Amino acid sequence: MIAYVRGRLGCSQRKVCRVLGQARSTQRYRAKDAAAERALVERIKALAAKRPRYGQDRITVLLRKSGVGVNHKRVERLWRQEGLQIPRKRRKRRRLGTIDNSSERIQAQYKNHVWSYDFVADKTEDGRKLKFLAVEDEYTREILALEVERRITAHDVKEILEYLFLVRGKPKYLRSDNGPEFVARVVRQWLRDSEVGPLYIEPGSPWQNAYIESFNGKLRDELLNLELFLSLEEAKYVAERWRLDYNHHRPHSSLNWMTPAAFAASCPSAVDGHGCVPRGSAAPRPSAHTRNATETLTRPGT
């Protein structure tokens, strides 16, 4: 505007600024360090390309961890300026189920307190079925196993759990839906012999198993929707590498942006019932009701 008026009237910059009420400094400002900002943009775009389902908050954490001192508002501005993907809005929480075994009623208080597991389906390029079994520690958010097979039976589930109990230690509770592989007699009897309490959620109420359902969404969004598996062997290899990356490199918002592995390393295997809290965070999850609730175990199918 100032330049336009000067060109039309032939007046000095000082006079035009005085008449229009603008500071003369506005005509002298030049953007600083454009090369550094361009380099930051390229860094953000490279991270976004490598992690296509990460939002600007998680990208900011990765930048800071790599030694780039950057303000989150600057990352947000550049993120929008470059037209990068904005994460989808989360769905509103559904109603709390009436069963006592839901993740809202009995919440993990320490490492190896409550595990949960569930199946996710996919297929290879030739259309043949793939079945993923994910096992999660609800307190540390670690994915303890991500097994892939064409079919997984109740006996396979028992063998996977046996291995995890040996290398990780057994949980106090194991939460699942009422799938036939989980409610099979061989699994229930083995859990009883192992002194692990099964927490079967109400049929048709997946929101009662919130932690593993949340992970299933991330698995679908960040891996299965992006990969085309040519064979079962390839699916196993890719899934295990992704599981390790999820545990060791993916910042988790509920753990104050720590990775699950880093958070787990800071937590003892608390046999005394005392967990740990991420630095700078009030708690890794909402206040628990475990100590005040009657932790009744539900028979499968009820």
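**A five-stranded sheet and its surroundings**

Helix α9 (residues 210-224) lies across strands β1 (114-123), β2 and β3, and runs at about 35° to β1. The arrangement described here is that of a predicted model, in which the secondary structure of the chain comes to 11 helices and 5 strands. Of the 302 residues of the chain, 44% count as buried, and among the contacts with a separation of 6 or more, 64% are accounted for by residues 24 or more positions apart.

The strands are arranged in an open sheet of 5 strands with the order β3-β2-β1-β4-β5 and with mixed pairing. Because β3 and β5 (197-200) stand at the edges, each with a single partner strand, one side of each is left without a neighbour in the sheet. From one strand to the next, the twist averages 20°. Strands of a sheet pair through backbone hydrogen bonds, either parallel or antiparallel, and both kinds of pairing can be followed here at the two edges of the sheet.

At one edge, strand β2 (residues 129-137) and strand β3 run antiparallel and are joined by 6 bridges, with Val-135 standing opposite Ala-145 in β3. The two strands form a hairpin with 5 residues between them, and in the turn Arg-141 has a positive phi of about 65°. Although β3 is an edge strand, strand β3 (residues 143-149) is mostly covered, 5 of its 7 residues being buried. At the other edge, 4 bridges join strand β4 (residues 173-176) to β5, and these two strands run parallel; the bridge partner of Arg-175 in β5 is Leu-199.

The loop between β2 and β3 also holds Tyr-139, which counts as buried because its relative accessibility is 5%, a value under the 20% limit. Tyr-139 and Ala-264 are 125 residues apart in sequence, yet their C-alpha atoms are 8.6 Å apart in space.

In soluble globular proteins, nonpolar side chains tend to be buried together. In this model the largest nonpolar core has 23 residues, and those with the most contacts inside it are Tyr-117, Leu-133, Val-157, Leu-161 and Leu-191. Strands β1, β2 and β3, together with helices α6 (154-168), α7 (180-183) and α8 (185-193), each supply at least two residues of this core, and α6 gives the most to it, with 6 residues. When neighbours within four places in sequence are left aside, Leu-161 is in contact with Tyr-117, Leu-174, Trp-190 and Leu-191. Apart from this core lies another, of 19 residues, among them Ile-212, Phe-229, Val-238 and Trp-242.

Aromatic side chains were examined next. A search of the whole structure finds 9 aromatic pairs, one of which, formed by Phe-165 and Trp-190, is stacked, with 5.0 Å from centre to centre and 20° between the planes. Phe-165 lies in helix α6 and Trp-190 in helix α8, so the pair ties together parts that are 25 residues apart in sequence. Both Phe-165 and Trp-190 are buried, and with Trp-115 they form one aromatic cluster.

Rings are also met by charged side chains. Lys-131 lies over the face of Phe-119, at 4.4 Å from the ring centre. In a second such case, the charged end of Arg-58 sits over the ring of Tyr-54, 5.6 Å from its centre.

Elsewhere in the chain, Arg-24 lies in the loop between helices α2 (13-20) and α3 (34-50). At 28% relative accessibility, Arg-24 counts as partly exposed, since this class covers values from the 20% limit for burial up to the 50% limit for exposure. Not counting residues up to four places away in sequence, Arg-24 touches Gln-13, Arg-14 and Cys-17. The C-alpha atoms of Arg-24 and Ile-2 are separated by 9.7 Å, and these two residues are 22 residues apart along the chain.

Terms used:
Residues numbered from 1 in each chain as written. Predicted model: local features only at pLDDT ≥ 70, side-chain atom pairs only at ≥ 80, totals over all residues. Heavy atoms only, no water. Buried < 20%, exposed > 50% of the residue type's maximum accessible area, 1.4 Å probe, protein only. Pairing = 2+ DSSP bridges. Axes fitted to C-alpha atoms, helices over the stretch in contact; angles between N-to-C directions. Contact = heavy atoms within 4.5 Å. Core = buried A, V, L, I, M, F, W, Y, C linked by side-chain atoms within 4.5 Å. Phe/Tyr/Trp six-rings, centres within 6.5 Å; stacked < 30°, edge-to-face > 60°. Lys NZ or Arg CZ within 6 Å of the ring centre and 35° of its normal.
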